[in-house]
Each structure stands twice: as C-alpha cells, then as structure tokens.
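Q: Please take a close look at the charged side chains in this structure, and at what surrounds them. I would like one connected account that then moves on to other side-chain pairs and to the packing of helices.

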Amino acid sequence: MSVGLLAVVDDILTAALKASAKTAGVVIDDAAVTPQYVQGLSPARELHVVWRIALGSLFNKFVIIIPLALLLSAFAPWVLPWLLILGGTYLCFEGAEKVTEWFGAHHAIDEAESRDERKLIFGAIRTDLILSTEIMLIALASLDPDFGIWMTLGALVVIGLGMTVLVYGAVALLVKIDDIGLSLMKNPARRVRRTGARIVASMPAAFRMIGIIGTVAMLWVGGHLVIVNLAETFWHGPYDVLHAVTNAIVAAGPIVVWVTDTAMSAVFGLILGLIIVGIVFKISGLLKRNRPDVVAEERPAPRV
C-alpha cells in the first residue's frame, strides 16, 4: 500500500509541476504586482503585511478558487469565462488608474487613507484573487481530464501552496533587500560596506521599476483575460485581430510573438481600463456633488 501511495504522490507532483510551467507568466506578474502594496510602510510592518497578504492568498486559493473551479467545471463550465472577463476588467481598471496617476491625475484619496494597512492588505488580496484565479484555472486546464477528482484536487493543492510560497517568499525578499544593504554597511570590510551602500541607493529606483512592471502586468494579464474570454462568449473581434497579427510574425520567432501578444494585450487593457476609469470617476463626481454636505457648501450664503 505504501508503494501505491508513493506512486499516487509522484503522479500528483509530476502533474502539478507540468501544469505549473504553463502558469509561469502569471506567477511573475503576481510577484511584480504585490511589492507596490507595501511601499511607504514602516520597515517594521513590511513582513507583517506580506504575511497577511500571503494568508489571504492561501484563503483565496483553498477556500474560494479551488472548490469553486472544481464545482463550476463539473456543473456550470459556461460561467468561468464570464468570471474571468469580470476579473480581467477589474485588473485593467486598476492598471489604468495607476497610469493616470503617473500623469498627475489625483483621485481624491488622501495620503493617510492610501497608506492604511487594512485597506492595503484588502486591496492586495483582492488583486491576488484575480491573478490566483487565472493561475489555478490555467493549471486546471493543463491537467489530464481523466485524472480523477481527488488526484486533480491534490495537484491543485500542491500548485496553490507552491505558487504562494514562491511568490510571497520572493516579495518578502524584495521588500527587505534595503535592510540587508543597511546591515552590510555596518560590516568592517570596506568593499562590503560599499556593496551595502549601492544596494540601499538603488532600492528607490528598483521599486519604481517594480511598480511600473506591476502596472504593465495588470494591464497585460487583464487585457489578455478579457480578449480570450470574450472570444469564448460572444465577441471574437479582439481575439481575431491578436491572432492575425501574431500569425503574421510567427517566422520572427517565439520571443517576438510573445512580446507582440503581450504589448497588444496591454494596450487593449489600457484602453478598456481608461474607459472604466472615466465612467467610475464621472459617477463618483456626480455622487459627490449630490451629497448633502457638498450641496450645503456650494449653496450661496443668504443675503442679509
């Protein structure tokens, strides 16, 4: 029996490893998006926040995504593309909102609110829910359909746990690199101190770059999710354009095809996100003008 159990475990691990390879792009995106949520926090709180987000990611995968994905794939597979369209649209909105901030658009959120720990954690877990959904659905689609429910569940659990450890372990290392640099600066060896100083000096630029990569990742993943799942529901237009362009340059090699696919998905995501941003800000502006306190402030004072 022990030999049989080991064989089952080996089959699960092998299947999980093969399925994980197809999720690598989204995993990289997840690792790039998350560090921006801990920027601006005190160093003493960074690992605590990363830990809370990691726990939220495990909750997303094991309590929400895996059970729901297995149920829907068995009884209502037609629902999954619509959920992915909604998730992709939200990622496009978040990415486009950050792009507008780069160009000086301020969204009436004061600094105290934007650095509130609970809201940062909630926002990160909410974004992780969408990215983790794509990771687990790609993994589910990559598994052998004849694998069986329990073997499939075991493989998804392994993938979910492994991806969470990988992503948030990398994030924890990223946010503490500056502390490592400060520690090296106290070393008696001059060369080590210089290395530590270079690490500390490079971190602001590194985090700005991570923020840019994370925003582009949101637009790319969100745009690709919407394009692919629109084609599976009711509109093939964007997917047909993407497919035609990538087919036309296939002779240039897989790297060029991937870059083109990514760029077109990101542009689509940016356009869709900007449309959603405009609608949301217009509605929020109307609601703000209709608030009683705002109306009272705008009302002219009575003449004496």
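A: The side chains of K176 and D179 meet in a salt bridge, with 2.4 Å from N to O. The coordinates come from a predicted model, and the distances here are computed from it. Both residues sit in helix α7, and because they are 3 residues apart, about one helical turn separates them. The two ends of the bridge fall into separate burial classes. K176 has 17% relative accessibility and therefore counts as buried, the limit for that class being under 20%. D179, at 25%, counts as partly exposed.

K176 does not stop at D179. Salt bridges with shared partners join E46, K176 and D179 into one network. The other bridge of K176 goes to E46, at 3.6 Å from N to O. That pair links distant parts of the chain: K176 belongs to helix α7 (residues 149–185) and E46 to helix α3 (residues 43–75), and their positions lie 130 residues apart in the count. K176 and E46 are both buried. The network thus holds a bridge within α7 and a bridge from α7 to α3.

How many salt bridges does a search of the whole structure find? The search gives 4. One of them is formed by the side chains of R126 and E94, at 3.8 Å from N to O. This pair, too, links distant parts of the chain, with R126 in helix α6 (residues 117–142), E94 in helix α4, and the two positions 32 residues apart. R126 has 35% relative accessibility, so R126 counts as partly exposed. E94 counts as buried because its relative accessibility is 8%.

Helix α4, which carries E94, also takes part in an aromatic pair. By the ring-centre rule the count comes to 3 aromatic pairs. Among them is W82 with F234, a stacked pair at 5.8 Å centre to centre and 10° between the planes. W82 lies in α4 and F234 in the loop between α8 and α9, so the pair ties together parts that are 152 residues apart in sequence. What is the burial class of each ring residue? At 40% relative accessibility W82 counts as partly exposed, while F234, with a relative accessible area of 56%, is exposed.

A further pair is made by W220 and W258: it is edge-to-face, at 5.5 Å centre to centre and 85° between the planes. W220 is in helix α8 and W258 in helix α10, 38 residues apart, and the pair links distant parts of the chain. W220 is buried, with a relative accessible area of 15%. W258, at 49% relative accessibility, counts as partly exposed, the exposed class being over 50%.

Helix α8 also contains N229. N229 has 5% relative accessibility and therefore counts as buried. A polar atom of its side chain lies 2.7 Å from the backbone oxygen of L225. Leaving aside residues up to four places away in sequence, N229 touches P81, L84 and I85.

Helix α10, the site of W258, covers residues 254–289. Its 36 residues reach 52 Å from the first C-alpha to the last, close to the 52 Å expected at 1.5 Å a residue. Where do the buried residues of α10 pack? They pack against α4 (79–102), α8 (190–231) and α9 (237–248). The buried set includes V257, T260, D261 and T262, then S265, A266 and G269, and further along L272, G273 and V277.

The UniProt record can be set beside these helices. In an unreviewed entry, it places the feature "transmembrane region" at residues 75–93, 120–143, 149–175, 196–221, 241–259 and 266–287. In the model, the span 266–287 is 100% helix and 0% strand, and its end C-alpha atoms lie 31 Å apart. The span 120–143 is 96% helix and 0% strand, with 34 Å between its end C-alpha atoms.

Technical notes:
Residues numbered from 1 in each chain as written. Predicted model: local features only at pLDDT ≥ 70, side-chain atom pairs only at ≥ 80, totals over all residues. Heavy atoms only, no water. Helix = DSSP H or I, 4+ residues; strand = E, 2+ residues; numbered from the N terminus. Expected span 1.5 Å × (residues − 1). Buried < 20%, exposed > 50% of the residue type's maximum accessible area, 1.4 Å probe, protein only. Contact = heavy atoms within 4.5 Å. Polar contact = N/O pair within 3.5 Å; in protein donor to acceptor, adjacent residues only side chain to side chain. Phe/Tyr/Trp six-rings, centres within 6.5 Å; stacked < 30°, edge-to-face > 60°. UniProt positions renumbered as here; feature names shortened; annotations may be inferred.
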